[in-house]
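Please take the following as a guided reading of one structure, with the sequence and the coordinates open beside the text. The route passes through pockets, then rings, then a single side chain.

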Amino acid sequence: MTTEPVPQKRSILKSDATQKLLAFAGLIIMLVFFSLASPNFFQFSNIVGILLATSVNGILALGVTFVIISAGIDLSVGTVMTLSAVMTGVFITNLGFPIWVGVLGGLVTGGLAGFTNGTVIAKMRIPPFIATLGMLYIAKGLSLVISGLKPIYFTDTPAFNQIAMGSITGRIIPGFDIPNAVLIFFLAAIVANIILTKTILGRYTFAIGSNEEALRLSGVNVSAWKIAVYTLAGLFSGLAGVVIASRLNSAQPALGAGYELDAIAAVVIGGTSLSGGEGTILGTVIGAFVISVLTNGLRIMSVPQEWQIVITGAIVILAVWADMLRRNRS
């Protein structure tokens, strides 16, 4: 006679959604706190500013989500974003191509950088930290060389600025001017969620992060799928480059350093495990808003920027610690 194992009730700390719920609760608490601390926080212009600040970092974080779920890391997304913005400027301003060609050039630039990252990691077996750190410097240097150390402006193509700073919602509902950059971010999040949850790339992303060796032994070409993951992250970096160039109406070759840290922080705060195999796009979106709301609220309260950085770092450490507790108890 055999006895069936008695199913045990999962603890709330063991739930995959726990950290995402904690991040959402933290976001609500911050919104309430900052609204009480400053009457200017919930002004429409400030809310739009938060949404706009979230858009670029959020798009970068979407790509980083795939990489971290696969148990990797990408430190190059910020400078790849800058290189993509510079190449967009080269195509549109320097070479005089139509706007759509410049946008496509920026996306392709990001995709090629991601493809290079994936190839170096999968084929040359170089650790992701080192490979993407190298790409960080390569992209940073190429941005400066190609631009000639000078910003590239889009003054002759005012329509390009409308990609990010125009407002489709304002045309539909007068006075409700939400920048297009915010809509691009939400649309990108929807696409990323579909890829992660409904496609074979998404399934293999989780599988690589959970047990790469088992996946390889089952006959799957792990190297090819790993390259695809990093290429996708590069495409999101390219999209972020186009958006930030449109937002600033210029390609700033010295911009980009530090963006990768904010993107990784958003992903971790949103509940994606640094050990791989777990994560959601919704959690990343929440994490991106946590970073933006925190930065904006502290700035409104006149907290010095250096202390803003300290507080953000502390929150990232707490998020990782909470993830470790959950995984240990499970």
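In this model, which is a predicted one, helix 1 contributes more than any other element to the lining of the second largest pocket, supplying seven residues. That pocket holds about 290 Å³ of space, and of the 13 residues that line it, those closest to its centre are L22, A23, G26, I269 and I315. Two elements give two or more residues to this lining, namely helix 1, which covers residues 18-37, and helix 13. When the lining of the second largest pocket is sorted by class, 11 of its residues are nonpolar and two are polar, while no charged residues are found there.

From here the reader may turn to the largest pocket, whose volume is about 800 Å³. It is lined by 26 residues, of which Y259, D262, I291, T295 and R299 are the closest to its centre. The elements that each give two or more residues to this lining are helix 2 (44-69), helix 10 (222-248), helix 11 (259-269), helix 12 (281-300) and helix 13 (305-329). Among these contributions, the largest share is that of helix 13, with six residues. As for the character of the lining of the largest pocket, its residues divide into 13 nonpolar, 10 polar and three charged.

The aromatic side chains offer another way into the model. How many aromatic pairs are there in the count? The count comes to 10 aromatic pairs. In the pair made by F41 and F42, the ring centres lie 5.5 Å apart and the planes meet at 75 degrees, which is over the 60 degrees required, and the pair is therefore classed as edge-to-face. These two residues also belong, together with F33 and F34, to one aromatic cluster. F41 itself has a relative accessible area of 0%, and because buried means under 20%, F41 is counted as buried.

The last stop is N117, which is placed in helix 4, the element that spans residues 99-123. Is this residue buried or exposed? The relative accessibility of N117 is 2%, which is under the 20% limit, so N117 counts as buried. Once its neighbours within four places in sequence are set aside, N117 is in contact with D74, S76, A131, T132, M135 and Y230, and these residues can be picked out around N117 in the displayed structure.

Conventions: Residues numbered from 1 in each chain as written. Predicted model: local features only at pLDDT ≥ 70, side-chain atom pairs only at ≥ 80, totals over all residues. Heavy atoms only, no water. Helix = DSSP H or I, 4+ residues; strand = E, 2+ residues; numbered from the N terminus. Buried < 20%, exposed > 50% of the residue type's maximum accessible area, 1.4 Å probe, protein only. Contact = heavy atoms within 4.5 Å. Phe/Tyr/Trp six-rings, centres within 6.5 Å; stacked < 30°, edge-to-face > 60°. 1 Å grid on protein atoms, 1.4 Å probe; cavity = no way out; pocket = protein on both sides within 12 Å on 5 of 7 lines; lining within 4 Å. Points joined across faces, edges and corners; volume = space filled by probe spheres on them. Nonpolar A, V, L, I, M, F, W, Y, C, P; charged D, E, K, R; others polar.
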